[in-house]
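This report looks at how two ligands are held by a protein and at the fold that surrounds them. It begins with the make-up of one binding site and then turns to the other site, the domains and the sheet.

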Amino acid sequence: MKGRVFVIGLGLIGGSLALCIKKEHKDSIIIGYDIYPEQARLGKMLGVIDEVADDIVEGAKTADLIIISAPVIETETIIHLLAGQSLKPEVIITDTGSTKRKIVANAASLKEKGYTFIGGHPMAGSHKSGVSAAKEFLFENAFYLFTPEDHIEISKVEKLKEWLKGTNAKFLTVTPDNHDYLTGIVSHFPHIIAASIVRQTERLAEGESLIPRLAAGGFRDITRIASSSPEMWKDILLHNREVLIELIDKWQEEMDWVKVLLEQENSEGIFRYFLQAKQYRDGLPVREKGAIPAFYDLFVDVPDYPGVVSEVTGYLAKENISITNIRILETREDEIYGVLVISFQTEEDRGRAERCIHSCSSYATSIGT
Ligand SMILES: NC(=O)c1ccc[n+]([C@@H]2O[C@H](COP(=O)([O-])OP(=O)(O)OC[C@H]3O[C@@H](n4cnc5c(N)ncnc54)[C@H](O)[C@@H]3O)[C@@H](O)[C@H]2O)c1
Ligand SMILES: O=C(O)C(=O)C[C@]1(C(=O)O)C=C[C@@H](O)C=C1
């Protein structure tokens with residue numbers, strides 16, 4: 001498709017969408033604006049956008065598609081600002097906010113002016129912020145939720161989906177209320193829990209210097225999202241407070257139940273508690289992005305000597321196999337072998353990497369579970 005796409009808020013999500021749109025629609029022109037001009041300039045330098053707009057008014061007036069990708073309370077303000085502008089009559093305005101009820105309610109000001117607003121939420125992301133973290137494959141196979149109101153023509157929704165085709169996401173339509181209820185459970189509430197575990201640990205670590213050093217594997221897995229942007233999460237919590245207050249009550253009941261099991265030394269009950277959680281969690285779709293992101297990890301047993309990481313990555317580079325992450329599992333000091341964990345975007349890449357490492361070295365590999 002041809003046209004001018006204006007991204008307001010050029011961070012992780014805005015930048016990633018810009019990359020997806022450019023990949024699919026090579027003739028489009030992507031204009032970016034960020035309240036921090038250095039973000040937009042960096043976006044241009046990284047090739048994420050084609051042009052930088054000096055302000056929202058300038059970028060919006062010639063746009064065919066406007067994507068608001070700022071924190072959700074900022075999004076409300078931007079919607080009202082846009083409603084006061086003279087935009088192209090056929091422009092489509094969408095957002096990427098993690099909440100939808102209040103945003104869609106605020107978009108009444110756009111409807112009054114005859115502009116089309118379709119609420120959107122790509123259900124994939126990261127704890128990282130900023131345009132430098134943008135990735136064109138961020139949304140692959142993830143759900144992309146839309147909340148169009150009844151008066152929105154289907155052809156407009158189809159056009160928006162066409163613009164966003166390069167995300168390779170699975171589009172789904174829900175109501176704004178249902179959206180906030182569902183994401184409250186699977187996204188917003190877990191972020192509160194992650195932050196609360198970290199805060200409790202920090203409090204208890206006072207005078208216990210071993211605590212931060214011991215906080216490894218399990219702690220890091222469950223608290224990764226506590227490193228997310230406080231600005232973004234402050235807005236999300238304020239927007240979805242009713243749903244979250246209810247979930248906190250339910251969580252307190254859950255903790256009371258665990259406390260009872262412990263007080264009773266109820267071995268069978270504790271076993272069943274973990275078994276039920278394991279069965280449900282193991283049944284979630286892990287190979288697809290969405291509920292749980294896909295991690296195509298390859299474990300490589302390597303001798304513990306300097307240069308081994310560049311040796312292995314060198315083999316992969318020669319075969320043009322791209323990696324998304326690499327880390328070394330901590331090993332015992334007396335061991336001469338370490339484990340390199342290399343993550344790939346696809347299962348196919350991981351298979352190629354495994355074959356490549358076998359043909360270039362004698363290192364054992366495993367794909368884990
Ligand atoms: N991070 C995620 O995992 C994720 C996933 C899906 C949706 N979202 C939603 O997408 C939106 C963007 O999140 P992100 O992760 O890209 O955050 P981010 O912090 O990486 O980017 C947001 C950008 O918006 C800019 N900004 C703030 N106020 C602005 C304003 N008034 N005008 C213009 N720019 C402004 C910030 O400077 C920043 O560069 C949020 O609404 C968030 O709820 C986030
Ligand atoms: O992977 C992460 O770090 C995320 O937190 C992504 C996540 C989520 O909760 O799943 C966060 C907020 C968004 O609105 C959508 C996705």
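In the shell around ligand 1, the residues divide by class into 15 nonpolar, 12 polar and 2 charged. The model is a predicted one, and the contacts described here should be read together with its confidence values: the protein has an average pLDDT of 93, with 95% of the residues scoring at least 70, while the complex receives an ipTM of 0.99 and a pTM of 0.85 from the predictor.

**The site of ligand 1**

Ligand 1 is surrounded by 29 residues, of which Ile13, Asp34, Ala70, Ser98 and Gly130 are the closest. Several secondary-structure elements take part, since α1 (12-24), α4 (72-83), β6 (116-122) and α11 (230-239) each contribute at least two residues to this shell, and α4 gives the most, with 3 residues. Polar side-chain atoms also approach the ligand: an N or O atom in the side chain of Asp34 is 2.6 Å from an oxygen atom of ligand 1, and one in the side chain of Glu74 is 2.8 Å from a nitrogen atom of ligand 1. Thr96 places a polar side-chain atom 3.0 Å from an oxygen atom of ligand 1. On its own, ligand 1 has 830 Å² of accessible area, and the protein covers 90% of it.

**The site of ligand 2**

Around ligand 2 the shell consists of Ser98, His121, Ala124, Gly125, Ser126, His127, Ser187, His191, Arg224, Ile225 and Trp233; by class, this set comprises 3 nonpolar, 7 polar and 1 charged residues. Ser98 is listed here and is also among the closest residues to ligand 1. The table gives side-chain contacts to oxygen atoms of ligand 2.

| Residue | Ligand 2 atom | Distance |
|---|---|---|
| Ser187 | oxygen | 2.6 Å |
| Arg224 | oxygen | 2.9 Å |
| His191 | oxygen | 3.0 Å |

With these contacts in place, the protein covers 85% of the 370 Å² of accessible area that ligand 2 has on its own. Where does ligand 2 lie with respect to domain 1 (3-174) and domain 2 (179-282)? Both domains give residues to its shell, and ligand 2 therefore lies between them.

**Domains and sheet**

The domain assignment divides the protein into domain 1 (3-174), domain 2 (179-282) and domain 3 (296-367). Taken over C-alpha atoms, the centres of domain 1 and domain 3 are separated by 38 Å.

An open sheet is formed by 8 strands in the order β3-β2-β1-β4-β5-β6-β7-β8, with mixed pairing. The edges are occupied by β3 (51-52) and β8 (170-173), each of which has a single partner strand, so that one side of each is left without a neighbour in the sheet. Strand β1 (residues 3-8) pairs with strand β2 (residues 28-33) in the parallel sense over 6 bridges, and within this arrangement Arg4 stands opposite Ile29 in β2. The sheet can also be related to the first site described, in that β6 (116-122) is one of the elements that supply at least two residues of the shell around ligand 1.

Note on methods. Residues numbered from 1 in each chain as written. Chains lettered and ligands numbered in written order. Predicted model: local features only at pLDDT ≥ 70, side-chain atom pairs only at ≥ 80, totals over all residues. Heavy atoms only, no water. Near = heavy atom within 4 Å. Polar contact = N/O pair within 3.5 Å; in protein donor to acceptor, adjacent residues only side chain to side chain. Areas by Shrake-Rupley, 256 points an atom, 1.4 Å probe, with all protein chains shown as cover. Nonpolar A, V, L, I, M, F, W, Y, C, P; charged D, E, K, R; others polar. Domains from an automatic or database assignment. Pairing = 2+ DSSP bridges. Helix = DSSP H or I, 4+ residues; strand = E, 2+ residues; numbered from the N terminus. pLDDT = per-residue confidence, 0-100.
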